[in-house]
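The following exercises introduce a protein structure step by step. Each task is followed by a worked solution, and the reader is invited to attempt the task before reading on.

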Amino acid sequence: MQTTMEAAEQSKKPSSVESHGNAVEISLQTALSSGNLEAFRKAVVNTLERRLFYKPSFEIYKGVAGLYDLGAPGFLVELNIINFWRKFFVREENMAEVRCASLTPEAVLKASGHVDKFTDPMVNDVITGECHRADHLLKDYCEKKLEKDHSGEEADELKNVLAVLEDLSIEDLGRKIKEYGITAPVTKNPLSDLYPFNLMFQTSIGPAGLIPGYMRPETAQGIFVNFKDYYYDNGKKLPLAVAQTGLVFRNEISPRQGLLRTREFMLAEIEHFVDPDNKSHPKFPDVSKLEILMFPREEQTSGQAAKKLVLGEAVSKGTVNSETLGYFIGRVYLFLTRLGIDKERLRFRQHLANEMAHYAADCWDAEIECSYRWKECVGIADRSAYDLYAHSEKSRVALVAEVKLPEPKEVEKIVITPEKRELGLAFKGDQKKVVEALEAMSEQEAMEMKAALESKGEMEFEVCTLGRNVSIKKNMVSITKKMTKEHVRVFTPSVIEPSFGIGRIMYCLYEHKFTTRPSKAGDEQLNVYRFDPLLAPYKCMVFPLVQNQQFEEAAKFISKELKSFDMSHKIDITGTSIGKRYAKSDEFGAPFAITVDSETSVTIRERDSKDQVRVSLKEAASVVSSVVEGKMTWQDVWASFPHHSSAASDE
C-alpha cells in the first residue's frame, strides 16, 4: 500500500531523494530539501501514534489540547534519555540529585518573580473569544508572506521582524499586528488589544483553600529555597551542583506541534552554584576546542546567519560570558549529539536583550532543526544571584555562601544580636524562625528597625517562614554599628542552569531518526526508526518463525536470558509473516531481531543493514547484549558467525 506521504513526495521529488521503482525514500533531509514538511511530519506522527509512542490524552472524551500520554515505547525512550542524562551529567559531575514538591505556595513564586513576570503576549478573537499567542500570529504571518515573495523591500522588512521578534516589546508587537491587519487565523475575525497572560496553573492548598499556590512552572525553585541545606551538606563548599527531573506545568495559550508545546511536560534541570567573582571551570579545557554552530545576538539583530565558533574563543572574546556557562554549552552539545541529534541541525542561539528571562544575565538556547524549523530544546542560563537573593530578602533566611579571606579585613558592620531569652518567652516554639528572620535583615532594614524601636519601642516585623507579622520590642534585639575584623567573605552565589525539555528532545530525535526504505517489491515505503541502542525502547525483538510449541519455548528461554542482561525486548508471537514482523520491529526502532527457526540455533538480524547471522540458541542474548553495551560491534559479529540469507524473510 502506498502512504499519503509517498504520494506527496512523488508529486514533488527533489534530485536529492533516492528513488527505487515507484517508491521514494524520505527523511528529514529530503523533506527540508523538497519543502514537503507537513507530509513528512504526518508520516512521523502517524507511525508514533500507531506504535503507541505517544497519543492525545483523554481521547475517548475528545481530548484536551496540550496533553499527551506516553505509551510503553515512548515511556522507555523518555527513561533512556533521562538515564543517559543522569549518567552524563549527575554522575560525571558528582551532582546531588533531589526531588522537590510540585505544588508551590504563592509566596515562593511571588519572590521569584513568576507571579508578576511569567507571561506570554495574548490576543482574543473579539467575536468567539478564542485565545491566540500574539507573537506566534505575527511569526506565521511573516513566514507565509515570505513563502510567496522572498525579495523586495517588504520581504526585507518581514525578515527583519522575524530576526528581532523575540526582542519586541508588548507595545511593538501590538503595533505590528495592527499594521499588518492580522486577524484570527480560522475565523478571520478582528483581534483584541494585546495583553500579558500568566502561564502558571493556579490552585489552593488545604481543605479551607486559604493557602494560594501554583503547580510549579519549573523545578528550580524547590532547589533554591533548600540551598542552605544543600550547601551545608556539601561541606560549605562551592561550586555546588544540584539536579532534578520532574513534571512541570504551564498553561500554554495555544498548545500545538505535538510534544513540542504541551501544558504538562518533563524537565531535567541542573542548578550549578558558583562564586559570582569566579566563574571559571576546571574542566573547561575538555570542551574548549569544540567547534559549534552558534548564533550570537549581534548576528541575529544584523540579519546574519549562525556561524561555527570554537567554544574557547567564544568565551575568551566575551561572546559567552563565562567558562562555566561555556562548559555547559559544550557538555550539552556532546550530550545531544551522543543521543543521536544531527550535529548539522543543532545550534546555540543567544537570547536577545528583551527576550531574556527576568532573572538571566546571559542565556543560550540549544535549538534543534526539525520539520517545525528551529526549536529550543535546552536552555543554558546564567541566572546570576537573582533567585537566592530574592528568596533571602522575602523569607529573611540568609541563602549565602562564604569563603575564607587570605588576610582579615577591618570593616564597619551592622551587628544584629537577637536576645534569645526574650524572644523565647515571647514566641516559644517559633523563636528559631524569628531569630533567623532578624539575622537575615539587610543593612537598610536593620537601620529602619533600629530607628523604629528607639522612637516607638516596638514595630511590626514580617516573618515569612511563619506566614505572619510579629511584634518586636526594644528588649528583643540589639542593633549596633561597629568596626570588626572579617575573616570570611559572605556572598550570594550565582547559578548556571542548563534546563532540558525532555519531550522536545524526544520529538526532534524521532524526526532525526525517521526514514523509509523500499519494500522488496519496491512499490511501497517501510518506515524505520534508526535509533542508537542507547535510545531504542526495545533493544531486541524476538520472533518464533511459526506458531510452534518448541519455538515458543525457545523464545521464552531467550527472553529470560535477555532479562538477565537487563535488555528491554518484546516477543511477537502473532503468527503474521516474518517480513511484517521485521517491518514492525523497524517501526519500533529495535536495533536487532532474533528469529527462532529451530530448537538449537537462531538468526540475529541487524536493523540498518538487514544482514543476518546464525548463532546458537544459548549465545543469542549474550551477542545482542555485547553489541548494545558497546563491547562488540556488528562488524565483529558479522566476522565471527555464519551469515544467513533467506528470501522468505526479506521485506
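**Exercise 1. Describe the overall make-up of the chain.**

Solution. The secondary structure of this predicted model comprises 23 helices and 31 strands. The next step is the extent of the chain: along its principal axes, the C-alpha trace spans about 100 × 65 × 55 Å. Burial comes third: of the 651 residues, 51% count as buried. Finally, consider the contacts between residues at least 6 apart in sequence; 67% of these join residues at least 24 apart.

**Exercise 2. Identify the residues that touch the most other members of the largest nonpolar core, and state which helix gives this core its largest share.**

Solution. The largest nonpolar core has 81 residues, and those touching the most other members are Ile81, Phe335, Leu336, Phe348, Phe500 and Tyr510. Helix 14 (residues 323-339) supplies the largest share of this core, namely ten residues. Ile81 may serve as an example. When residues up to four places away in sequence are not counted, Ile81 touches Phe335, Leu339, Ile502, Ile505, Met506, Leu509 and Leu535. There is also a second, separate core of 25 residues, with Val542, Phe551, Val613 and Val628 among them.

**Exercise 3. Determine how helix 3 and helix 19 cross, and which residues make their contact.**

Solution. Two packed helices are described by the angle between their axes and by the distance between those axes. For helix 3 (residues 37-50) and helix 19 (residues 502-513), the axes come within 10 Å and cross at roughly 110°. Angles of 65 to 115 degrees count as roughly perpendicular, and therefore helix 3 is roughly perpendicular to helix 19. The crossing of these two helices is right-handed. On the side of helix 3, the contact is made by Phe40, Arg41, Val44, Val45 and Leu48, while helix 19 contributes Tyr507, Tyr510 and Glu511. Sorted by class, this contact has six nonpolar, no polar and two charged residues. Tyr510 of helix 19 is also one of the residues that touch the most other members of the largest nonpolar core.

**Exercise 4. Carry out the corresponding analysis for helix 16 and helix 17.**

Solution. The axes of helix 16 (residues 420-427) and helix 17 (residues 431-439) come within 9 Å and cross at roughly 130°. That angle makes helix 16 oblique to helix 17. The handedness of the crossing is right-handed. In the contact, helix 16 is represented by Lys420, Leu423, Gly424 and Phe427, and helix 17 by Gln431, Val434, Val435 and Leu438. The class count for this contact is five nonpolar, two polar and one charged residues.

A further residue, Lys432, is found in helix 17. Lys432 counts as exposed because its relative accessibility is 59% and the cut-off for exposed residues is over 50%. Its C-alpha atom is separated by 8.7 Å from that of Lys420, although the two residues are twelve residues apart along the chain.

**Exercise 5. Which residues of helix 15 are buried, and what covers them?**

Solution. In helix 15 (residues 386-395), the buried residues are Asp387, Leu388, Ala390, His391, Ser392 and Ser395. Their cover includes helix 5 (106-112), helix 10 (220-225), helix 11 (227-233), strand 13 (264-274) and strand 23 (494-501).

**Exercise 6. Locate Arg396 and Lys236, and decide whether each is buried or partly exposed.**

Solution. Arg396 follows just after helix 15 and lies in the loop between that helix and strand 19 (401-418). Its phi is positive, about 60°, although Arg396 is not a glycine. Since buried means under 20% relative accessible area, Arg396 is buried at 12%.

Lys236 likewise is not a glycine and has a positive phi, of about 55°. Lys236 is found in the loop between helix 11 and strand 12. With a relative accessibility of 31%, Lys236 counts as partly exposed.

**Exercise 7. Where is Pro239 found, and what kind of peptide bond joins Leu238 and Pro239?**

Solution. Pro239 is found in the loop between helix 11 and strand 12 (240-249), where Lys236 is also found. The peptide bond that joins Leu238 and Pro239 is cis, with omega about 0°.

Technical notes
Residues numbered from 1 in each chain as written. Predicted model: local features only at pLDDT ≥ 70, side-chain atom pairs only at ≥ 80, totals over all residues. Heavy atoms only, no water. Axes fitted to C-alpha atoms, helices over the stretch in contact; angles between N-to-C directions. Helix = DSSP H or I, 4+ residues; strand = E, 2+ residues; numbered from the N terminus. Parallel < 35°, antiparallel > 145°, perpendicular 65-115°, else oblique. Left-handed = near helix turned anticlockwise from the far one by under 90°. Contact = heavy atoms within 4.5 Å. Nonpolar A, V, L, I, M, F, W, Y, C, P; charged D, E, K, R; others polar. Core = buried A, V, L, I, M, F, W, Y, C linked by side-chain atoms within 4.5 Å. Buried < 20%, exposed > 50% of the residue type's maximum accessible area, 1.4 Å probe, protein only.
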